[in-house]
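Reader: Could you walk me through this model and show how each label is earned? I would like to see the reasoning behind the words.

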Amino acid sequence: MTRRLGLVHLLLTIGALAMVAPFIWQILTSLKTLEHATSVPPTIVPDGQWKNYSRVFALVPFGSQFLNTVVMVAARAIGQVLLCSLAAYAFARLRFPGRTVLFGLFLSVLMVPPQLFIIPQYQIIADLGWLNSLPALIVPGLFSAFGTFLLRQFFLGLPAELDEAARLDGANPLRIWWSVMVPLARPGMIALGILTTIWSWNDFFWPLVVNNDPEKMTLSAGLASMQGQFLTEYPVLMAGSLLASLPVIAVFVVMQRQFVEGIALTGTKG
């Protein structure tokens with residue numbers, strides 16, 4: 001038993017090191033000169049080039065792009081938690097004609113590659129005059145079929161007697177959702193908020209398509225613009241990527257307990 005447990009810990013340690021290794025290499029590269037970062041064989045020891053971090057702010061409007069990213073992520077996370085929870089409550093607790101068929105259509109969206117929506121979404125944003133603006137980044141990500149499915153499974157796991165007791169007290173469906181279901185579904189909503197935050201923070205293709213003004217870009221698109229056609233300053237790029245990664249890592253570290261709890265409690269009832 002002890003040998004078996006030791007083998008499990010060894011495998012987990014190897015897996016953890018494999019996951020952390022790229023992050024460690026990113027930190028080391030951000031402190032090297034370009035010559036050492038591109039040398040063959042690779043140089044492991046960094047050169048203490050802290051100026052690479054200051055050069056990030058000189059090459060791109062990092063502050064504006066950071067603010068754009070924060071606003072986009074916050075708006076998407078709040079929008080998805082509210083809108084998806086409303087739709088999930090309707091599918092889980094309300095009885096209306098065509099509910100099963102409509103929910104099946106919702107789930108079918110998950111089977112469609114998101115790249116197929118790029119052209120029609122771009123045309124809509126362009127017709128509204130929202131190109132190079134924050135609404136272009138925010139509005140398409142305010143709702144998701146996955147978020148609806150996730151919270152629906154959570155609502156299905158709550159006792160039906162809660163709805164009946166609230167109705168006897170004269171509460172309407174909207175009041176039941178806000179006063180009864182939302183407090184009980186807090187772990188699932190936090191999990192959805194964290195997933196949306198991570199996904200939105202890393203979103204690259206859509207922000208790159210709709211916003212080509214450097215002042216209106218997000219961090220992911222802005223950092224991609226640092227890659228030149230003939231030369232890329234990899235240490236500076238790694239420094240910028242590290243600065244862009246720190247906020248979302250901090251969010252996950254602080255909220256990881258609520259995140260795991262929300263995922264564990266979701267889907268206990270089908």
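Author: Gladly. The model is predicted, and a good place to begin is the contact in which the side chains of Asp203 and Arg76 meet in a salt bridge, at 3.2 Å from N to O. Asp203 lies in the loop between α11 and α12, while Arg76 belongs to helix α4, 127 residues apart.

Reader: What makes the meeting of Asp203 and Arg76 a salt bridge?

Author: The cut-off is 4 Å between a side-chain nitrogen of Lys or Arg and a carboxyl oxygen of Asp or Glu. For Asp203 and Arg76 the N to O distance is 3.2 Å, so the pair is within 4 Å and earns the name.

Reader: Why are Asp203 and Arg76 called buried?

Author: Buried means under 20% relative accessible area. Asp203 has 12%, so Asp203 is buried. Arg76 has 1%, so Arg76 is buried too.

Reader: How many salt bridges does the structure hold?

Author: Three. One of them joins the side chains of Arg93 and Asp163, at 2.5 Å from N to O. Arg93 is in helix α4 and Asp163 in helix α9, so this pair ties together parts 70 residues apart in sequence. Arg93, at 10% relative accessibility, counts as buried, and Asp163 is buried at 3%.

Reader: What about Arg55 and Glu233, and how do you know that they form a salt bridge?

Author: Their side chains meet at 2.4 Å, N to O, and that value is within 4 Å, so the term applies. Arg55 sits in helix α3 and Glu233 in the loop between α13 and α14, 178 residues apart.

Reader: Why does Arg55 count as partly exposed?

Author: Partly exposed is what falls between the 20% and 50% limits. Arg55 is at 31%, so the label fits. Glu233, at 28%, is partly exposed as well.

Reader: Let's stay with α3. What makes Asn52, Tyr53 and Val56 lie on the same side of α3?

Author: Asn52, Tyr53 and Val56 are buried. They cover an arc of only 105° around the axis, which puts them on the same side of α3. The face turned away from this buried side carries the exposed residues Lys51 and Ala58.

Reader: Where does Val56 fit in the nonpolar core?

Author: Val56 and Met226 have the most contacts inside the largest nonpolar core, which has 24 residues. Helix α14 gives the most to this core, with six residues. Leaving aside neighbours within four places in sequence, Val56 is in contact with Phe62, Val236, Ala239 and Gly240.

Reader: Turning to the rings, why is the pair of Phe103 and Phe149 called stacked?

Author: Planes under 30 degrees apart count as stacked. The planes of Phe103 and Phe149 are 25° apart, with 6.5 Å centre to centre, so the pair is stacked. Phe103 is in helix α5 and Phe149 in helix α8, 46 residues apart.

Reader: And what makes the pair of Trp177 and Trp178 tilted?

Author: Tilted covers pairs that are neither under 30 degrees nor over 60. The angle here is 45°, with 5.6 Å centre to centre, so tilted is the right word.

Reader: How do you know that the charged end of Arg152 sits over the ring of Phe103?

Author: One limit is 6 Å from CZ of Arg to the ring centre. Arg152 sits 4.2 Å from the centre of the Phe103 ring, so the distance limit is satisfied. Phe103 also belongs to one aromatic cluster with Phe91, Phe96, Phe106, Phe143 and Phe149.

How values were computed. Residues are numbered from 1 along each chain as its sequence is written. This is a predicted model: local features need pLDDT of at least 70, side-chain atom pairs count only at pLDDT 80 or more; totals for chains, interfaces and linings use all residues. Side-chain values use heavy atoms; hydrogens and water are left out. A nonpolar core is a set of buried Ala, Val, Leu, Ile, Met, Phe, Trp, Tyr and Cys residues joined through side-chain atoms within 4.5 Å. Buried means under 20% relative accessible area, exposed over 50%, partly exposed in between (1.4 Å probe, protein chains only). Helices (H or I, at least four residues) and strands (E, at least two) are DSSP runs, numbered from the N terminus. Contact means heavy atoms within 4.5 Å. The arc is that of the directions from the helix axis to the C-beta atoms. Rings of Phe, Tyr and Trp (its six-membered ring) pair if their centres lie within 6.5 Å; planes under 30 degrees apart count as stacked, over 60 as edge-to-face and the rest as tilted. A charge sits over a ring if NZ of Lys or CZ of Arg is within 6 Å of the ring centre and within 35 degrees of the ring normal.
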